[in-house]
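Here are my notes on the model you sent, set out as numbered points. They begin with a single residue and work outwards to the fold as a whole.

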Amino acid sequence: MRFIRTRTAKAAAAALVAIPLAVVGPAASQGYAEDASPSPTGTFGPDCAALSQKADTARDKVVEAAAAYPELSQLVSATVRAGLNGTLDAKPDITIFAPNDEAFQKVTASQLASLLGNPGELKKVLTYHVVDQQITPNELSDGSFTTAEGGKLTTSGSGTDFKVNGEAGIVCGNIKAANATIYVIDSVLQPPS
């Protein structure tokens with residue numbers, strides 16, 4: 001009889017300890033998750049799964065890394081046309097806000113033809129998408145950066161939803177290259193006049 005009482009008492013004590021832990025544990029975790037919006041640590045964004053990566057790009061210089069994504073073919077072509085591929089590949093620790101092919105489709109045919117026909121203007125527009133430092137996801141929520149073109153570029157947002165200059169959405173971010181971090185965006189940015 002004593003064995004049964006001891007066993008029952010231990011079970012009741014264990015239940016009393018477990019109930020507060022169960023109530024406090026998840027509630028505390030949920031409260032923390034609601035208060036903080038942690039930055040992503042890997043790639044993030046609504047289009048990351050859809051990007052057709054040909055290979056691992058972490059060891060490639062930035063232009064070769066971008067060329068591994070068919071969705072960035074117009075950007076790579078424009079970069080080569082402007083003669084920037086060697087310059088970008090030689091820079092250490094840069095960030096590229098890379099317009100995808102859909103972003104180039106938003107530019108009118110006449111604007112695109114004019115841009116591609118003017119190497120100086122093309123270089124200016126493309127270098128406005130480059131920042132001479134590696135930008136982490138933590139810095140995107142309220143960032144202001146000087147571009148390689150010399151203008152200012154801003155980032156805003158939280159979680160995995162970020163904008164560049166309040167208009168271009170980051171559709172896949174934090175892609176690693178040997179000398180760069182790439183954030184794929186859905187609009188071509190225009191440098192301030």
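1. Aspartate 101 counts as buried, because its relative accessibility is 15% and the cut-off for a buried residue is under 20%. The model is a predicted one, and the remarks here and below should be read with that in mind. Aspartate 101 is placed in helix α5, and its side chain makes a polar contact of 2.9 Å with the side chain of serine 73. Leaving out residues up to four places away in sequence, aspartate 101 touches Pro70, Glu71, Leu72, Ser73, Gln74 and Leu75.

2. Two of those partners, Ser73 and Leu75, lead to helix α3, which spans residues 73-81 and has Leu75, Val76, Ala78 and Thr79 as its buried residues. Viewed down the axis of α3, these buried residues fall within an arc of 165°, so they line one face of the helix. As background, an α-helix has 3.6 residues a turn, so residues three or four places apart point the same way.

3. What do the buried residues of α3 pack against? Their partners are the helices α2 (62-67), α4 (85-90), α5 (101-105), α6 (109-116) and α7 (119-127), together with the strand β1 (94-99). After α3 comes glycine 83, which has a positive phi, near 70°.

4. Which residues touch the most other members of the largest nonpolar core? They are Val62, Leu88 and Val184, in a core that holds 34 residues. At least two residues of this core come from each of α2, α3, β1, α5, α6, α7, β6 (168-176) and β7 (180-185), and α2 gives the most, with four residues. In general terms, nonpolar side chains tend to be buried together in soluble globular proteins.

5. Leucine 88 deserves a separate word. With its neighbours within four places in sequence set aside, leucine 88 is in contact with Val62, Val63, Thr79, Ile94, Ile96, Val130 and Asn179. Apart from the largest core there lies another core, of 15 residues, among them Leu153, Val164, Ile170 and Ile185.

6. The seven strands form an open sheet in the order β2-β1-β7-β6-β5-β4-β3, and the pairing within this sheet is mixed. The edge strands are β2 (130-131) and β3 (142-146), each of which pairs on one side only.

7. Within this sheet, strand β4 (residues 152-158) and strand β5 (residues 161-164) run antiparallel and are joined by four bridges, with serine 156 having lysine 163 of β5 as its bridge partner. Lysine 163 also has a bridge partner in β6, namely glycine 169. β5 and β6 run antiparallel as well, with two bridges joining them, and they form a hairpin with three residues between them, where asparagine 165 in the turn has a positive phi of about 55°.

8. How many of the residues of β6 are buried? Eight of its nine residues are, so that the strand is described as mostly covered. β6 is joined to β7 by four antiparallel bridges, and a hairpin connects β6 to β7 through three residues. One of the bridge pairs here is isoleucine 175 with isoleucine 182 of β7.

9. Is tyrosine 183 buried or exposed? This residue, which is placed in strand β7, is buried, with a relative accessible area of 0%. Tyrosine 183 and glycine 169 are 14 residues apart in sequence, and their C-alpha atoms lie 9.6 Å apart in space.

10. Finally, the protein as a whole. There are seven helices and seven strands, and along the sequence these follow the pattern α-α-α-α-β-α-α-α-β-β-β-β-β-β. Of the 193 residues of the protein, 37% count as buried, and the accessible surface comes to about 10,700 Å², with 55% of it belonging to carbon and sulfur atoms. Among contacts with a separation of 6 or more, 62% are between residues 24 or more positions apart.

Technical notes: Residues are numbered from 1 along each chain as its sequence is written. This is a predicted model: local features need pLDDT of at least 70, side-chain atom pairs count only at pLDDT 80 or more; totals for chains, interfaces and linings use all residues. Side-chain values use heavy atoms; hydrogens and water are left out. Buried means under 20% relative accessible area, exposed over 50%, partly exposed in between (1.4 Å probe, protein chains only). The arc is that of the directions from the helix axis to the C-beta atoms. Contact means heavy atoms within 4.5 Å. A polar contact is a pair of N or O atoms within 3.5 Å; within protein, one must be able to donate a hydrogen and the other to accept it, and residues adjacent in sequence count only if both atoms are side-chain atoms. Accessible areas come from the Shrake-Rupley method with a 1.4 Å probe; for residues, only the protein chains shown count as cover. A nonpolar core is a set of buried Ala, Val, Leu, Ile, Met, Phe, Trp, Tyr and Cys residues joined through side-chain atoms within 4.5 Å. Two strands pair if DSSP finds at least two bridges between them.
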